Amino acid sequence: MTAALAAAFILFIAVAALTDYRPEARVPLEDLSGMQADSSGGMPDSLSILCWNIGYGGLGDDMDFFYDGGTQVRTSRERTLANLDGIISEIRHQNADIVLLQEVDECSRRTYRINEVEMLRKAFPEYHIYLAYNYKSFFVPIPFKAPMGKVASGVVLMSRIAPTEVSRMQYPSRFPWPVSMFNLKRCLLSASFRLADGSTLIIGNTHNTAYDTGDMRSVETEFLGELAAGLHSDSTDFIIGGDWNQYPASYNPSERENSNPHFSTVRLEEEKLLPYGRIIFDRDVRTLRHLDKPYSPESVLTVTDYFYVSPGIRIDTVRALDLKFKYSDHQPVLLEISEIH
């Protein structure tokens, strides 16, 4: 029996190693919408961008999560579909020019093999759509009594305006082996858009490390700062939105926000970013709830969802939409701009 278990374990590790997702530093992404790219016009100066970690449709207000001190691994299939319907309805209601989504699943066990990318493609035929994987494992073996199993998930960009180029840019952060075979490999989805004057605007979608085993979040911030420095030297404007899993430097977290031993955010090292842009967030609405318990008025809330914007962009409004965490453990954030120069 011991020999059989050892052989099974060795086989499991071998399969994990053979199927391990090892993307290149930069990978071009294809448009999944099937639309023809229209190169006749550029992006307008007036623009709305919706950013939302949708929690793969599985982290609505009914859920806690084992990794954050809760007990549950996944919600029901019926609730997952209801969450996804609500998410799609809210995206449609906001009617943004560009949508940046995090934690979008593609046929994962935790979301009952539902292809959420295909759902978005069918629901929004007027948008170009791109997916960059940041979590791809043939079998995630935790929790041991009810493993998550197969996971394929990533960040998605949807845009009414056709980008000229879209790439997946691998962050240099990485979990140690063998944990790396079963964990996220974070990235930036970077899209280039041509402006009316012939210049370029970069729009990025990020989902930074949550459960840091060292200095991973710091390394990711440094990577983005270096990217921004290069764009600044080329006089290229940028907007990077996402779930940073860090609170802005000017935000003051409560003691409760830092009291969860399973999950706590840290301060974003804005000093690595501020020479080339500024952090824009809604100071009145919290965007993330802790998942140690299902949502209630007593839930611990914090801010991790916002934008990093270059100086040449005029911000009109940034609003976090208070949906009471009904469909996801995150709230969507809407950014509106009226001038790029």
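This short report walks through a mixed sheet, the helices packed on it, and one further helix in a predicted model.

## The sheet

Let's start with the strands. Six of them make up an open sheet with mixed pairing, and their order is β4-β5-β3-β2-β17-β16. The edge positions belong to β4 (128–140) and β16 (313–320); each has a single partner strand, so one side of each is left without a neighbour in the sheet. From one strand to the next, the twist averages 15 degrees.

Strands of a sheet pair through backbone hydrogen bonds, in either a parallel or an antiparallel way. Here, strand β2 (residues 47–53) and strand β3 (residues 98–105) run parallel and are joined by five bridges. If you would like a pair to look up, cysteine 51 has leucine 100 in β3 as its bridge partner.

## Helices on the sheet

Helix α2 (residues 77–94) packs on the sheet, where it touches β2, β3, β5 (149–159), β16 and β17 (333–340). The direction of α2 makes about 165 degrees with that of β2.

Helix α3 (residues 116–123) also packs on the sheet, with β3, β4 and β5 as the strands it touches. Its direction and that of β3 make an angle of about 150 degrees.

## Helix α4

How far apart are the end C-alpha atoms of helix α4 (residues 216–233)? They are 26 Å apart, which agrees with the expected span, because 18 residues at 1.5 Å a residue should span 26 Å.

Buried residues in α4 include Met216, Arg217, Glu220, Phe223, Leu224, Leu227 and Leu231. After α4 comes serine 235, which has a positive phi, near 60 degrees.

Note on methods: Residues are numbered from 1 along each chain as its sequence is written. This is a predicted model: local features need pLDDT of at least 70, side-chain atom pairs count only at pLDDT 80 or more; totals for chains, interfaces and linings use all residues. Side-chain values use heavy atoms; hydrogens and water are left out. Helices (H or I, at least four residues) and strands (E, at least two) are DSSP runs, numbered from the N terminus. The expected span of a helix is 1.5 Å times one less than its number of residues. Buried means under 20% relative accessible area, exposed over 50%, partly exposed in between (1.4 Å probe, protein chains only). Two strands pair if DSSP finds at least two bridges between them. Axes are lines fitted to C-alpha atoms, for helices over the stretch in contact, and angles run from 0 to 180 degrees between N-to-C directions. Contact means heavy atoms within 4.5 Å.
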